[in-house]
Amino acid sequence: MLALALLLVASMLALALLLRAFPATPTGVKSIGVCYGVNGDNLPPASDVVQLYQSNGINLMRIYFPDTNALNALSGSNIGVIMDVPNSDLSSLASDPSAAATWVQRNLQAFPGVNFKYIAVGNEVSGGDTNSILPAMQNVNSALANAGLGGIKVSTAVESGVTQGFPPSQGSFSQGYMGPIAQYLQSTGAPLLCNVYPYFSYTGNEAQIALSYALFTSPGTVVQDDDGNAYQNLFDALVDTFVSALENAGAGNVGVVVSESGWPSDGGDAATPGNAQTYNQNLINHVGQGTPKRPGAIETYIFAMFNEDKKTGAETERHFGLFNPDKSPAYPINFS
């Protein structure tokens with residue numbers, strides 16, 4: 001027995017030495033993804049992009065349409081994927097269940113090697129198209145179930161403008177169509193996909209919002225909520241406003257996934273490489289702990305992988321990238 005015990009101890013010591021000699025490969029922050037947009041010149045091929053994600057330990061990706069090149073490159077990678085239904089498709093999918101079935105067949109069933117997590121039925125939909133969101137979600141959900149893909153959750157991506165109220169505990173939905181969507185998400189177990197941008201909140205109200213509050217660098221509490229929660233950064237406050245809005249809509253069990261967040265490195269007020277690096281690195285470091293109302297890791301997608309020079313709108317829109325088109329970092333970021 002003594003000899004056996006000594007042999008066991010020797011084996012454990014040898015294993016410990018072996019593990020020290022070959023340290024584990026960093027796997028990245030499990031709750032952090034990056035949005036992959038393709039509105040730029042000279043962007044690398046999708047196969048290189050997937051390798052860039054993997055080499056940086058990025059385990060989650062959002063794509064904004066059924067991009068065949070991206071889907072082929074993602075096959076077998078095990079990267080978790082949010083895929084959008086483009087806003088232009090909402091009307092047809094909402095009015096015709098067979099169109100939803102065809103969409104699922106062409107864009108999901110045709111790519112069995114892709115690890116689809118969520119389908120975002122529309123992104124920041126506005127105007128009359130908002131009436132199509134819920135019926136399109138319902139038809140896509142049914143099509144997924146009929147295809148044996150019921151484990152893929154269906155949601156929609158919304159921006160902070162669909163909420164109102166301050167402090168965060170007073171949050172509610174400012175748009176009438178959001179209540180039924182929230183209750184439907186509660187019935188299906190899918191999260192609400194929220195685009196959260198402290199940058200735009202800050203630049204829209206610099207008189208009342210400190211840059212440090214937006215960049216996660218405030219030394220202490222900035223907002224003390226009536227419910228006892230204290231807020232040291234604007235990201236948490238914006239996310240918890242969504243949480244309160246869900247609660248007030250009778251959908252308090254719905255999770256929140258931050259489907260976009262980022263900071264531009266050029267093109268506008270406070271848009272510098274230093275601020276972009278500070279925000280995004282602090283975001284990566286922070287999301288594992290969650291928010292005051294929702295402790296625990298919160299799944300978050302940084303916008304975006306590349307600077308995209310073909311994007312329309314304000315100049316800042318072309319400068320949200322973590323990487324340049326040649327795959328060099330726009331500024332240093334550590335995902336592990």
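Begin with the surface of the whole protein chain: about 14700 Å² is exposed, of which carbon and sulfur atoms supply 52% (accessible areas follow the Shrake-Rupley method with a 1.4 Å probe, and for residues only the protein chains shown count as cover). The model is a predicted one, in which local features need pLDDT of at least 70 and side-chain atom pairs count only at pLDDT 80 or more, whereas totals for chains, interfaces and linings use all residues. Residues are numbered from 1 along each chain as its sequence is written, and side-chain values use heavy atoms, with hydrogens and water left out.

Keep the whole chain selected. Its C-alpha atoms fill a box of roughly 75 × 50 × 45 Å along the principal axes. The radius of gyration is 22 Å, which agrees with the value near 20 Å of a compact globule of 336 residues (taken over C-alpha atoms; the globule rule is 2.2 Å times the number of residues to the power 0.38). Of these 336 residues, 50% are buried (buried means under 20% relative accessible area, exposed over 50%, and partly exposed in between, with a 1.4 Å probe and protein chains only).

Switch to the cartoon display. The chain contains 11 helices and 12 strands (DSSP runs numbered from the N terminus; helices are H or I with at least four residues, strands are E with at least two). Among contacts between residues at least 6 apart in sequence, 69% join residues at least 24 apart (contact means heavy atoms within 4.5 Å).

Colour the charged side chains next. There are 12 positive and 25 negative ones, and the centres of the two sets lie 10 Å apart (Lys and Arg count as positive, Asp and Glu as negative, and His and the chain ends are not counted; each charge is placed at NZ of Lys, CZ of Arg, CG of Asp or CD of Glu).

Now select the aromatic residues. The whole structure holds 12 aromatic pairs (rings of Phe, Tyr and Trp, the latter by its six-membered ring, pair if their centres lie within 6.5 Å; planes under 30 degrees apart count as stacked, over 60 as edge-to-face and the rest as tilted). In one tilted pair, Phe200 and Phe320 lie 6.2 Å centre to centre with 40° between the planes. This pair links distant parts of the chain, 120 residues apart: Phe200 is in helix H8 (residues 198-203), and Phe320 is in the segment after strand E12 (300-302). Phe200 is partly exposed at 36% relative accessible area, while Phe320 is buried at 2%.

Move to Phe216 and Phe235, a tilted pair at 5.9 Å centre to centre with 40° between the planes. Phe216 is in the loop between helix H9 (211-214) and strand E9 (223-224), and Phe235 is in helix H10 (residues 234-248), 19 residues apart. Phe216 is buried at 15% relative accessible area, as is Phe235 at 1%. Inspect the backbone of Phe216 too: its phi is near 70°, a positive value in a residue other than glycine.

Both pairs can be viewed within one aromatic cluster, whose members include Phe200, Phe216, Phe235, Trp263, Phe303 and Phe320.

From Phe303, follow the backbone to Ala304: the peptide bond between them is cis, with omega near 10°. Ala304 lies in the segment after E12. Another cis peptide bond runs from Phe166 to Pro167, with omega near 0°; Pro167 sits in the loop between strand E6 (163-164) and strand E7 (172-173).

Finish at Glu124, where phi is near 50°, a positive value in a residue other than glycine. Glu124 occupies the loop between strand E4 (115-123) and helix H6 (130-146) and is partly exposed at 34% relative accessibility.
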